[in-house]
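Let's talk through how a few labels on this predicted model were reached. Each answer sets a value against its cut-off.

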Amino acid sequence: MMFTWVFLVSLFCMGTQDRSDPDDGVIQCGPQNMKETYNFNDQRIFLTWEDDPSCSAIQEELIYEVEVRRAGKRVHDDEVVVTADHIGITHSWNWTSSLPLECASHSVRLSSRYKNHTSPWSQEQTIPGTNPSGRPMVFPQDRVVEVGSRFSFCCVLEPGGRFDKMFIKGYNSIDMNTTKISNQTYVLTVDLNTASPLIGYDVICNTYDSGACVYIGYPPADLGLQCETRDLQSVECHWNIGRDTNLTGPRATTYRLLGRLCSEKKKNSCKQKVQVNVGERNWTVKAQNVLGSHELTYRADLSERVHMFAPENLTASTVNSRNVSLEWSWTILKYNQLPIVCQIQLFPPSGQTHMTNDSGVGLKVTVLHGLMPSQMYTVKVRCGTEHHFWKWSNWSATRTFWTKDDLPDSLDVWMQMEHNQTIIRWKTLLPNQSHGEIRDYEVTWRKATERERQTKTIFPPEHSVALSLFASEEHIVTVTARNVIGSSSPAAITISTLHPDREVESSRISGSDGGFNVSWSVNPAASCGYVVDWCPTFSTCRVEWLKVPPGVTNARILSEHFTDGVKYSLSIYACTQGAPELLERREGYVRETKLPDNQIKLKWEQLGSDVEVTWTAIAPRNQSAFIQGYIMYYTDNSAPRSNLNRGFNISTDNPEATSLMARNLPISSYKFTVKALTSAGECGDTSFSLSMNSPTDKMIMVVIISLVSVFSLLSLIIILCYRHWTCVKLKIYPPIPIPVLTDNWLTSLGEHGRHWLHVDSYHQGETDIVDVPQLCCKRPPGNGDISQEERHFVSTQTQSPKGYYNQPLRSHVTAALTLNTKNISRPSGLPSVPFRSVFVNPSYDSMSPSSPELQDRKNSEGYQLQSPVETCGQTQTEESPESSLPCVLTYILIPQSSSQ
């Protein structure tokens, strides 16, 4: 029994041993012949190996595990899967390190795995790091990095060195993390999100003596490729440069066309010699730099992409007054067989460019028509293929030529009346009208009814002539211009007779955009159109005009002489077969401007509680805008400044107004401002302040002024009278002479049978008429004084009943004396018959007895006041040879008898 069990176990073990034999070789499968290479610039490790011969028995996948260690620490694991059909060949693997390989040692080892069997690790392949000797070193050196990358720099210290700091000079990033890898190696990791300057950034470790440079840029991203041929023997491709890579020098982008390096200095073009055949094909340009590459493709048939060169040797072969022949040549002979279209650009003196086209096979000659004589032109040409037109060539070099002279154009003639003269004016011909230099102008004129002409020659630069023509007759004036070729066609104008009744009223016009838009009614007489002339209204000027063709009844008037704020008068004439006919007049401003301040001269008057402000109308000459009215503002100066005291205003829309009145004003101080209303706004501000007076104050002022005036007048009279008192006394109260009685004055009563007469010193009604003897004023010889006895008979009276004053008598006077006898008593025995109370006084001569006045006095009853006596002009009579004595007329006192 025991033997049976031992036998069975032996058979089982033998069977098991037989089944394990094939796997014994698989367990030995692994890598062999490992080789490790690296690239510091790419920070990449390359590893190659072969399979162990025992691996050939594997019929399924074989997996290799790769382990990377940095400074003894595992930093990366990877797997390489080898299929059964690849077993037995060389395998490869690569890895890019995030840290420069110089920063630390890097080791790589392999292990194979098949099913559950894993081979031991192979021997490590090590890349040693850098060991600086004198000072720290930064890696990588001069590395180019794409914008947006996260990159690491390392600082390797020298043996025994001490780490201080690590940074990128000039870079603004605040996220700069420094990590310690070993006692000698420190790593700076940063996000590079901005492009560096062309010289790059410096990465510094500890001091500025230790560092590296880094360039941050972009890979190429050009676009817009186009390819063409210019000489039909090569291809030229052009493209648009994309964003700036920020990389220059050896790091700059390179280009290849059709796989061949482009040698052109331009970054956006490349040229290669090719066979230009009919048919489309792909044209490829590859752009590449250290950060990447970009390929551009363009598909085209070059025979339809011909971009010609510019014409050469452009000349003006034949030049006339109104046309020119142009010639040029081609540097590419194949152009002579191409259908060509050319564009000719002409620059006349006016500055307006003219463009014409011409075409033909191998075109190289053309003729330009419609030129102006005696003008300088500049011309240039460009061409392109007529069929399958692609692009215009570049412009040829410009050429300048002068056309020949020709007869001048007819002049534009107009007239202007100034005082008693007619000014004939014409516009200066422009260069394109004169067709050469104008030598002179010939002006002829004649009466419309006569053939005899008068001629006058005017030389440039004058372009007007003053003629004295008879206003009562029409005249025809013609003007011609002459140059070296000949004379222009005569321009004629008819000067009409003067008709004041043809004047028309002016209407208002407003300017716009620096000119006037004028329109008028159609006039049947305007057979040759209309003429609009203009001139400043209030100043003399050279009239300007514009001729309008027939059928047009509007015009835009512009002039370089127009000035804002100046009124212009525009006249519209109908151009007839005879003299121009005045149709309408307009007045207005190109642009109205505000009147200057203080232009309005103000006066004011207080009328109780009202204030009337008046002014003188502004002269039209001084107006810079149409006045549409006036407005007056007034504010109370004593009121507080607030919204409630915004002031008041009164306005009128009458432009002829010269006054405004503010009514019912409280007694206070006011400020008044008057402004003119115009389309330019309120202007011409003129202000004054006024303190109102109450009516009582005004009355008191009038009384005071009156009293002061009266007092001043009286004072003046008193002063004058005082200074001339002697003269005044002589005039008012002269010396009174004593009358002298004649020898026969009042003889005895017995002789005459009469009583003495008494003359009262007052005026009474006369009831009796008595005869009075004569009374004479005599100067006693040798003494000018009157005796006391004679003085008894004279009664001095300062004033007569009717204002009579005594006057000095220069000679004897004779006058009629009228006596009042009412209170005179008569002696008994005298007859009581009435008698006339008028008698002749030989010493009073103010009134002749024969005068009509004296006759009237004789016929009247009662006492009559005598006229003042100015002189006693009568000479001494024979009976009174003495000289005349000045005397004063008075009433005569008749002495009575002693008994009475």
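Q: How do you know that Cys 683 is buried or exposed?
A: Buried means under 20% relative accessible area. Cys 683 has 2% relative accessibility, so Cys 683 counts as buried.

Q: What makes Cys 213 buried or exposed?
A: The same cut-off of 20% applies. Cys 213 has a relative accessible area of 12%, so Cys 213 is buried.

Q: Why is the link of Cys 29 and Cys 55 called a disulfide?
A: A pair of cysteine sulfur atoms within 2.5 Å counts as a disulfide. Here the S to S distance is 1.5 Å, so the pair fits the rule.

Q: What makes that disulfide of Cys 29 and Cys 55 right-handed or left-handed?
A: The torsion about its S-S bond is about 105°, so the disulfide is right-handed. Cys 29 sits in the loop between helix H1 and strand S1, and Cys 55 in the loop between strand S2 and strand S3, so the pair ties together parts 26 residues apart in sequence.

Q: How do you know the handedness of the disulfide of Cys 155 and Cys 205?
A: Its S-S torsion is about -70°, so this disulfide is left-handed. Cys 155 in strand S11 and Cys 205 in strand S15 are 50 residues apart.

Q: Are Cys 155 and Cys 205 buried or exposed, and why?
A: Buried requires under 20%. Cys 155 has 0% relative accessibility, so Cys 155 counts as buried. Cys 205 also has 0%, so Cys 205 counts as buried.

Methods. Residues are numbered from 1 along each chain as its sequence is written. This is a predicted model: local features need pLDDT of at least 70, side-chain atom pairs count only at pLDDT 80 or more; totals for chains, interfaces and linings use all residues. Side-chain values use heavy atoms; hydrogens and water are left out. Helices (H or I, at least four residues) and strands (E, at least two) are DSSP runs, numbered from the N terminus. Buried means under 20% relative accessible area, exposed over 50%, partly exposed in between (1.4 Å probe, protein chains only).
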